[in-house]
Amino acid sequence: MINRFATNFPILLVALKKKQTPVLAKILTIFSIGYALSPIDLVSDFIPLLGILDDVLILTALFSISMSLIPKEMFDEYRNEAQIQKNMHKTIAVVALLVILAFIAWGIIALFWN
């Protein structure tokens with residue numbers, strides 16, 4: 001269930017940006033994100049198991065309804081766009097890591113060169 005959520009959440013973020021996404025799907029997605037980030041819960045998180053279980057069930061239901069409101073063709077298009085964005089982010093992360101490593105190597109060389 002968490003794997004499905006992690007796979008589909010970026011798709012819903014792409015859907016939020018598109019004009020052709022149904023308004024109700026956008027509203028439910030925004031409400032879901034707000035509920036996930038809100039410190040106010042229906043059942044307090046201090047109650048063992050029930051506090052987290054209600055969040056999981058509510059968020060799963062809201063995101064599932066949001067996804068079902070998006071037509072399949074649009075959802076597939078958004079999935080492709082989310083995958084492209086994911087690949088782009090990975091490339092940027094690798095380039096940033098290489099730049100950082102180059103600066104570290106340059107610093108070490110400069111330290112021992114003198």
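This briefing walks through the salt bridges of the structure above and then turns to a nonpolar patch on its surface. Keep in mind that you are looking at a predicted model. A search of the whole structure finds three salt bridges, and helix H4, which spans residues 72–113, is a good place to start looking.

**A bridge between distant parts of the chain**

- Find Lys18 and Glu81 first: these two residues form a salt bridge, and their closest N and O atoms are 2.9 Å apart.
- This pair links distant parts of the chain, with the two positions 63 residues apart in numbering.
- Lys18 sits in the loop between helix H1 (2–17) and helix H2 (23–37), while Glu81 belongs to helix H4.
- Glu81 has a relative accessibility of 24%, so it counts as partly exposed.

**A small network within helix H4**

- Now move to Asp76, whose side chain meets that of Lys72 in a salt bridge, at 3.1 Å from N to O.
- Asp76 also meets Arg79 in a salt bridge, here at 2.9 Å from N to O.
- Taken together, Lys72, Asp76 and Arg79 are linked in a network of salt bridges.
- Where do Asp76 and Lys72 lie? Both are in helix H4, four residues apart, which is about one turn of the helix.
- Asp76 and Arg79 are both in helix H4 too, three residues apart, again about one turn of the helix.

**How exposed the network residues are**

- Lys72 counts as exposed, because its relative accessibility is 57% and the cut-off for exposed is over 50%.
- Asp76 has a relative accessibility of 26%, so this residue counts as partly exposed.
- Arg79 is also partly exposed, because its relative accessibility is 37%.

**A nonpolar patch on the surface**

- Which residues make the nonpolar surface patch? They are Val94, Leu97, Leu98, Ile100, Leu101, Ile104, Ile108, Leu111 and Phe112.
- The patch covers about 940 Å².
- Take Phe112 as an example from this patch: this residue lies in helix H4.
- Is Phe112 buried or exposed? Phe112 is exposed, because its relative accessible area is 65% and exposed means over 50%.

**To find on the structure**

- Follow helix H4 and you will meet Lys72, Asp76 and Arg79 with their network of salt bridges, Glu81 with its bridge to Lys18, and Phe112 from the nonpolar patch.

Definitions and conventions: Residues are numbered from 1 along each chain as its sequence is written. This is a predicted model: local features need pLDDT of at least 70, side-chain atom pairs count only at pLDDT 80 or more; totals for chains, interfaces and linings use all residues. Side-chain values use heavy atoms; hydrogens and water are left out. Patches are made of residues with over 30% relative accessible area and no salt bridge: like charges are joined within 9 Å, nonpolar side chains (Val, Leu, Ile, Met, Phe, Trp, Tyr) within 5 Å. Accessible areas come from the Shrake-Rupley method with a 1.4 Å probe; for residues, only the protein chains shown count as cover. A salt bridge is a side-chain nitrogen of Lys or Arg within 4 Å of a carboxyl oxygen of Asp or Glu. Buried means under 20% relative accessible area, exposed over 50%, partly exposed in between (1.4 Å probe, protein chains only).
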